[in-house]
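Me: Could you walk me through this model? I'd like to go through it question by question.

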Amino acid sequence: MRIGVERILDGVPPADLHRASAVLSTRYRAEIRDGRLHLGDDLAARAYLATRLPATFAAIRTSLAAAAERLPDFAPTSLLDVGAGPGSALWAAADCWPDLKEATLIEASPSIRRVGEALGSELANVAVGWRAGRIEDGLADAEAADLVTLAYVLDELSPAAGEQLISRLWALTRGLLVVVEPGTPAGWRRILAARDQLIASGAAVVAPCAHASPCPLVAPDWCHFAARVARSRRHRLAKGGEVPWEDEKYIFIAASRHPVPVGAARVLAPPRTASGRVALKLCEPDGTARERLITRRDGDAFRRARRLDWGDALDEGT
Ligand SMILES: C[S@@+](CC[C@H](N)C(=O)[O-])C[C@H]1O[C@@H](n2cnc3c(N)ncnc32)[C@H](O)[C@@H]1O
């Protein structure tokens with residue numbers, strides 16, 4: 001994917017990329033919904049490749065990994081991705097589940113679709129079908145798939161359109177539906193709404209929650225995770241930053257059509273470690289969120305807890 005991205009970006013003047021990245025970033029931050037697609041022209045599509053694709057790929061990939069950990073026997077062969085952009089979810093799914101054979105990617109913007117098609121030609125083993133389509137048209141021609149993904153799209157839709165889309169995507173899900181959003185309070189609220197809707201439709205919560213009870217977090221707190229992303233030289237130039245990495249904050253919900261065993265507790269914040277102790281903020285299988293203090297006296301549990309990171313699920317016995 002990186003090689004393909006570099007090839008597509010070769011020859012784009014860095015100053016143009018920098019300007020287009022700044023416009024894109026402003027539009028995303030302000031969640032502007034003015035009827036225009038953020039990726040409406042070729043330069044915006046290239047700016048997305050340079051500055052957003054590495055981060056959305058990392059967030060989707062980590063979300064899929066959390067779902068795969070809970071569903072070791074799930075091996076999807078088909079993918080449906082809506083609002084596909086340059087195919088970020090396709091790359092993440094193919095990396096997570098090597099049995100993937102075919103993918104349908106629906107995307108409204110011709111500019112980002114062209115870029116995604118060029119990039120996807122680097123991906124062997126998966127037959128990829130790109131479709132021009134607007135979500136508002138109801139995805140009438142879409143076929144059901146084992147895995148359905150919707151990444152960083154709900155924030156571009158009205159709440160009513162988002163609700164309709166989730167219900168359509170759930171109808172098209174044979175196995176697992178994964179919805180990813182920016183890790184902001186607003187992104188969390190959209191994921192909570194999707195979660196409630198899916199549970200009401202009979203879905204089993206796979207991740208990140210350890211349970212299907214109402215979310216125990218109360219605003220101004222919100223649930224989110226972070227994926228570390230290495231920034232290429234071009235990424236740094238486009239963003240005008242010096243730091244060789246960034247942390248992409250994200251939130252997701254993975255829901256299965258089939259029952260799943262009760263989840264393990266999940267770490268909801270960076271663990272706080274001090275000599276001989278680890279404090280973990282956890283989402284617990286009983287539907288609560290609480291802080292657990294694990295000390296050296298807890299023996300093996302302490303050794304396991306010291307290796308845990310934000311977003312990890314606890315091993316048995318921790
Ligand atoms: C932020 S990008 C996310 C792209 C990709 N899923 C990712 O995670 O990198 C949102 C994508 O959804 C597409 N999109 C937004 N509104 C849409 C609509 N109403 N119908 C179809 N695609 C839409 C945009 O063109 C854009 O490519």
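Here's a short run of questions and replies.

Me: Before we start, what kind of model is this, and how is it numbered?
Reply: Residues count from 1 along each chain as its sequence is written. It's a predicted model, where local features need pLDDT of at least 70 and side-chain atom pairs count only at pLDDT 80 or more, while totals for chains, interfaces and linings use all residues.

Me: Are the axes of H2 and H3 roughly parallel or roughly perpendicular?
Reply: Helices here are DSSP runs of H or I with at least four residues, strands are E runs of at least two, and both are numbered from the N terminus. The axes of H2 (residues 14–29) and H3 (residues 42–51) come within 8 Å and cross at roughly 85°; axes are lines fitted to C-alpha atoms, for helices over the stretch in contact, with angles from 0 to 180 degrees between N-to-C directions. Since 65 to 115 degrees counts as roughly perpendicular (under 35 is roughly parallel, over 145 roughly antiparallel, the rest oblique), H2 and H3 are roughly perpendicular.

Me: Which elements give two or more residues to the shell around the ligand?
Reply: The ligand is surrounded by 20 residues, and the closest are Thr56, Gly83, Gly85, Ser88 and Ala108. Here a residue is near if its C-beta atom, placed from the backbone, lies within 6 Å. The elements giving two or more residues are helix H4 (53–70) and helix H5 (88–96).

Me: Where is leucine 139, and is it buried or exposed?
Reply: Leucine 139 sits in the loop between strand S3 (127–132) and strand S4 (145–151), with a positive phi of about 55° although it isn't a glycine. Buried takes 20 or more other C-beta atoms within 10 Å of a residue's own, exposed 12 or fewer, and partly exposed is in between, with C-beta atoms placed from the backbone. Leucine 139 has 20 such neighbours within 10 Å, so it's buried.

Me: And serine 167, how exposed is it?
Reply: Serine 167 is in helix H7 (residues 159–171). With 14 other C-beta atoms within 10 Å, serine 167 is partly exposed.

Me: Which loop holds proline 208 and proline 220?
Reply: A cis peptide bond joins alanine 207 and proline 208, with omega about 0°, and another joins alanine 219 and proline 220, with omega about 10°. Proline 208 is in the loop between strand S6 (204–207) and strand S7 (225–230), and proline 220 also lies in the loop between S6 and S7.
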